[in-house]
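Let's take a walk through this protein together, starting with a few charged side chains and working outwards from there. Pull up the viewer and follow along.

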Amino acid sequence: MSGVASDPRPKPVKVADAMRGRIESGSYPDGKLPTVKEMAREFGYATQTVRDGMRILMDEGLVVSAGNRGYFVAGGKSELSEGNRDVGEELKEMRLQIQVLAERVAALEERANSGGI
């Protein structure tokens, strides 16, 4: 995965976004997604990071887990309905806002602990 080093999004969000795009474009017509190990190699992330990204897609209802058999596109469909897309976009925006706020809080805590406030 060719990501920009300055991309502030958490790695699981990057995995979820990349896989969401592939699913929406119909890259998995049979509904079967690559294994976690295959995705981890491709993205250059740990398998737990990939699982966390898949959890995001499961929470959105786009992907289902079949245990040891892997992950599948929910309902066998490769396209999202317009309503689900809106919810997905809102979730992405909220995650980004939370990440930015968490970074700001961490910076303030560091300043407070170092006597900078």
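Start with two charged residues that you might go looking for on the surface: Glu-60 and Arg-20 are both buried. Keep in mind as you look that this is a predicted model. The two side chains form a salt bridge, with the closest N and O atoms 2.7 Å apart. Glu-60 sits in the loop between helix 3 and strand 1 (63–65), while Arg-20 belongs to helix 1, so this pair ties together parts that are 40 residues apart in sequence. The bridge is also one piece of a bigger arrangement: salt bridges with shared partners join Arg-9, Asp-17, Arg-20, Glu-60 and Arg-95 into one network.

Let's trace some of that network. Side chains of opposite charge can pair when their charged atoms come close. From Arg-20, go to Asp-17, where the two side chains meet in a salt bridge at 2.6 Å, N to O. Arg-20 and Asp-17 are three residues apart in helix 1 (residues 11–24), so about one helical turn separates them. Both of these residues are buried. For Asp-17, the relative accessibility is 18%, and the cut-off for buried is under 20%, so Asp-17 makes it into that class.

Asp-17 has another partner to show you. Arg-9 forms a salt bridge with Asp-17, and here the closest N and O atoms are 2.2 Å apart. How buried or exposed is Arg-9? With a relative accessible area of 21%, Arg-9 is partly exposed, because buried means under 20%. If you want to hunt for other charge pairs, a search of the whole structure finds six salt bridges.

Now zoom out a little to helix 1 itself. The helix has 14 residues and reaches 20 Å from its first C-alpha to its last, close to the 20 Å expected at 1.5 Å a residue. How much of helix 1 is covered? Mostly, it is covered: 10 of the 14 residues are buried. Among them are Pro-12, Val-13, Val-15, Ala-16, Ala-18 and Met-19. Just after the helix, Gly-26 takes a positive phi of about 85°.

Two more residues of helix 1 are worth a click. Ile-23 lies in this helix, and its relative accessibility is 0%, so Ile-23 counts as buried. In sequence, Ile-23 and Val-63 are 40 residues apart, but in space they are 9.3 Å apart, C-alpha to C-alpha. Lys-14 is in helix 1 as well. Lys-14 is a lysine that is buried, with a relative accessible area of 11%. Between Lys-14 and Val-50 there are 9.5 Å in space, C-alpha to C-alpha, and the two are 36 residues apart in sequence.

Next, move over to helix 3 (residues 47–59), where you'll find Thr-49. Which residues does Thr-49 touch, leaving aside its neighbours within four places in sequence? They are Lys-11 and Pro-12. Thr-49 has 16% relative accessibility, so this residue counts as buried.

There are some ring interactions to look at too. A search of the whole structure finds one aromatic pair. The partners are Phe-43 and Tyr-45, and their rings are stacked, at 6.5 Å centre to centre with 15° between the planes. Phe-43 and Tyr-45 are both buried. Elsewhere on your tour, look for Lys-32: its charged end sits over the ring of Phe-72, 5.3 Å from the ring's centre.

Finally, step back to the whole chain. The secondary structure comes to four helices and two strands, and along the sequence the pattern reads α-α-α-β-β-α. Of the 117 residues in the chain, 29% are buried. The chain exposes about 7,500 Å², with carbon and sulfur atoms supplying 52% of that area. Among contacts with a separation of 6 or more, residues 24 or more positions apart account for 58%. The Glu-60 and Arg-20 salt bridge, where we began, spans 40 residues in sequence.

Definitions and conventions
Residues are numbered from 1 along each chain as its sequence is written. This is a predicted model: local features need pLDDT of at least 70, side-chain atom pairs count only at pLDDT 80 or more; totals for chains, interfaces and linings use all residues. Side-chain values use heavy atoms; hydrogens and water are left out. Buried means under 20% relative accessible area, exposed over 50%, partly exposed in between (1.4 Å probe, protein chains only). Contact means heavy atoms within 4.5 Å. Accessible areas come from the Shrake-Rupley method with a 1.4 Å probe; for residues, only the protein chains shown count as cover. A salt bridge is a side-chain nitrogen of Lys or Arg within 4 Å of a carboxyl oxygen of Asp or Glu. The expected span of a helix is 1.5 Å times one less than its number of residues. Rings of Phe, Tyr and Trp (its six-membered ring) pair if their centres lie within 6.5 Å; planes under 30 degrees apart count as stacked, over 60 as edge-to-face and the rest as tilted. A charge sits over a ring if NZ of Lys or CZ of Arg is within 6 Å of the ring centre and within 35 degrees of the ring normal.
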